[in-house]
Amino acid sequence: MRYGGNTACVALEVEGEAPIILDLGTGLRLFGETQPLDGTFQGTALVTHIHWDHVQGLPFFPPADRVGACLDVYGPVQDNGSLQEVFGDFMRPPYFPVRFSELRGSIRFHDVRDDDMVIGTAKVRARPVPHVGPTVGYRIEWDGAKVAYISDHQAPPDLGTVADSVLELADGVDLLIHDAQYWNDEFAVKSHWGHCTVEYAVKVAREAGAHRLALFHHDPAHDDSEIDRILVAARAAAADSGIDEVYAASEGLRLHF
């Protein structure tokens, strides 16, 4: 009720520039309510991977369904075809009545894996992240702020080391948005599900020298009270670590840099 139930979608905005959207989950619908519907929408989406909860918002984004609109979608190279082909496979009848190619705006797909890009005035870095299936994380340096987005991260079974690619993305960022789905006892029986623990998220932030940590990808079995307890535990784990603040990501949360 307080933290929200939509799936992964985060927007980065700089005044006067086209937005950068991190993942295309169902939260994209709410973001669409803030965007123009006259065909002037321009934006970029950085998709971490193609699991349903990270892409199912695209057909519910009216700003892209207007003549003249343009959405560039970046995502990891797939094992079974290009990013465009994979999107075409799941956004079609009988699974959904509309194909992405039928949206009236221009939807352009770009395959990435281990790349550095310039998008508008933003510097964007994509690096592989351990998860189930091809997955990347992103580092965005834009208008003087640095943000890392690592939404789904398969921690090692012993919760010991952190992948060099993850530390590279999160190095010294102003904000690290990071998977924190499980308590340790939950991870013990779901260590192969592609996620990590709250303590491991704090470990990544600490080792990378991140200034702020947003706990992300809450378990759907955790209610508001449980997430409150997770936040308390994370802040205790982060004490005296150099991390300035820990947040539990919630629907509508806005951070300004």
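**Exercise 1. Decide whether D23 is buried or exposed in this predicted model, then describe its backbone.**

Step 1. Start with the accessible area: D23 has a relative value of 0%. Buried means under 20%, so D23 is buried.

Step 2. Now find its place in the chain. D23 sits in the loop between β2 (20-22) and α1.

Step 3. Look at the backbone angle. D23 is not a glycine, yet its phi is positive, about 70 degrees. That is worth a second look, because most residues other than glycine have a negative phi.

**Exercise 2. Find out whether D240 is buried or exposed, and describe its phi.**

Step 1. D240 also is not a glycine and has a positive phi, of about 60 degrees.

Step 2. Its home is the loop between α6 (224-238) and β12 (245-248).

Step 3. The relative accessibility of D240 is 85%. Exposed means over 50%, so D240 counts as exposed.

**Exercise 3. Explain why C9 and C70 form no disulfide.**

Step 1. Recall the cut-off: the two sulfur atoms must lie within 2.5 Å.

Step 2. Compare. The closest cysteine sulfur to that of C9 belongs to C70 and is 17 Å away, so the gap is too far for a bond.

Step 3. Check the total: the structure holds 0 disulfides.

Step 4. Add the surroundings of C70. With 9% relative accessibility, C70 counts as buried.

**Exercise 4. Classify the ring pairs F31 with F61 and F60 with F96.**

Step 1. Begin with the count, which comes to 7 aromatic pairs.

Step 2. For F31 and F61, the ring centres are 6.4 Å apart and the planes meet at 5 degrees, so this pair is stacked.

Step 3. Place both rings. F31 belongs to helix α1 (residues 28-32) and F61 to the loop between β3 (42-46) and β4 (70-76), 30 residues apart. F31 is buried at 10% relative accessible area, and F61 is buried at 1%.

Step 4. For F60 and F96, the centres are 5.5 Å apart and the planes stand at 80 degrees, so this pair is edge-to-face.

Step 5. Place these too. F60 is in the loop between β3 and β4, while F96 is in the loop between α2 (83-90) and β5 (106-112), so the pair ties together parts 36 residues apart in sequence. F60 counts as partly exposed, at 43% relative accessibility.

**Exercise 5. Identify the peptide bond that joins P93 and P94.**

Step 1. Read omega: about 5 degrees, a cis peptide bond.

Step 2. Locate P94: the loop between α2 and β5.

Terms used. Residues numbered from 1 in each chain as written. Predicted model: local features only at pLDDT ≥ 70, side-chain atom pairs only at ≥ 80, totals over all residues. Heavy atoms only, no water. Buried < 20%, exposed > 50% of the residue type's maximum accessible area, 1.4 Å probe, protein only. Phe/Tyr/Trp six-rings, centres within 6.5 Å; stacked < 30°, edge-to-face > 60°. Helix = DSSP H or I, 4+ residues; strand = E, 2+ residues; numbered from the N terminus.
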